[in-house]
Amino acid sequence: KLKIENFAYSPSTLSIKQGDKVIWTNQDSVKHTVASDSGNELDSELLGDGKTYEHTFKNAGTFDYHCTPHPYMKAKVIVG
């Protein structure tokens, strides 16, 4: 589970196994997204306070992502 709070993803780096599901929960009053830096592996809608986005990672690799409205918010999921 990942939290979005204080304009940051926590943790900023998450290591998981192939096939694991990750759930992001927005705990900010401002809306955020989870969007892949390249490609479209991660592509959430705008998440309001308390809303979640989940994604199952089927492929190994490093998946860098950001918040579309706040591009300085960056994080990554490492799938091994």
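**View 1. Asn-6, an exposed residue in a loop.** With a relative accessible area of 66%, Asn-6 is exposed, since in this predicted model the term applies to residues over 50% relative accessible area. Asn-6 belongs to the loop that runs between β1 (2-5) and β2. Its backbone deserves a careful look, for Asn-6 has a positive phi of about 55° although the residue is not a glycine.

**View 2. Phe-7, a partly exposed residue in the loop between β1 and β2.** The phi angle of Phe-7 is also positive, with a value near 55°, in a residue other than glycine. Phe-7 has a relative accessible area of 34% and therefore counts as partly exposed, a class that lies between the limits of 20% and 50%.

**View 3. The peptide bond between Ser-10 and Pro-11.** The bond that leads from Ser-10 to Pro-11 is cis, and its omega is near 0°. Pro-11 itself is placed in the loop between β2 (8-10) and β3 (13-16).

**View 4. A nonpolar patch on the surface.** Phe-7, Val-30 and Tyr-72 together make a nonpolar surface patch of about 290 Å². Of these residues, Phe-7 comes from the loop between β1 and β2, while Tyr-72 comes from the loop between β7 (61-66) and β8 (74-79).

**View 5. Tyr-72, a member of the nonpolar patch.** Tyr-72 has a relative accessibility of 58% and so counts as exposed, whereas Phe-7, which takes part in the patch with Tyr-72 and Val-30, is partly exposed at 34%.

Definitions and conventions:
Residues are numbered from 1 along each chain as its sequence is written. This is a predicted model: local features need pLDDT of at least 70, side-chain atom pairs count only at pLDDT 80 or more; totals for chains, interfaces and linings use all residues. Side-chain values use heavy atoms; hydrogens and water are left out. Patches are made of residues with over 30% relative accessible area and no salt bridge: like charges are joined within 9 Å, nonpolar side chains (Val, Leu, Ile, Met, Phe, Trp, Tyr) within 5 Å. Accessible areas come from the Shrake-Rupley method with a 1.4 Å probe; for residues, only the protein chains shown count as cover. A salt bridge is a side-chain nitrogen of Lys or Arg within 4 Å of a carboxyl oxygen of Asp or Glu. Helices (H or I, at least four residues) and strands (E, at least two) are DSSP runs, numbered from the N terminus. Buried means under 20% relative accessible area, exposed over 50%, partly exposed in between (1.4 Å probe, protein chains only).
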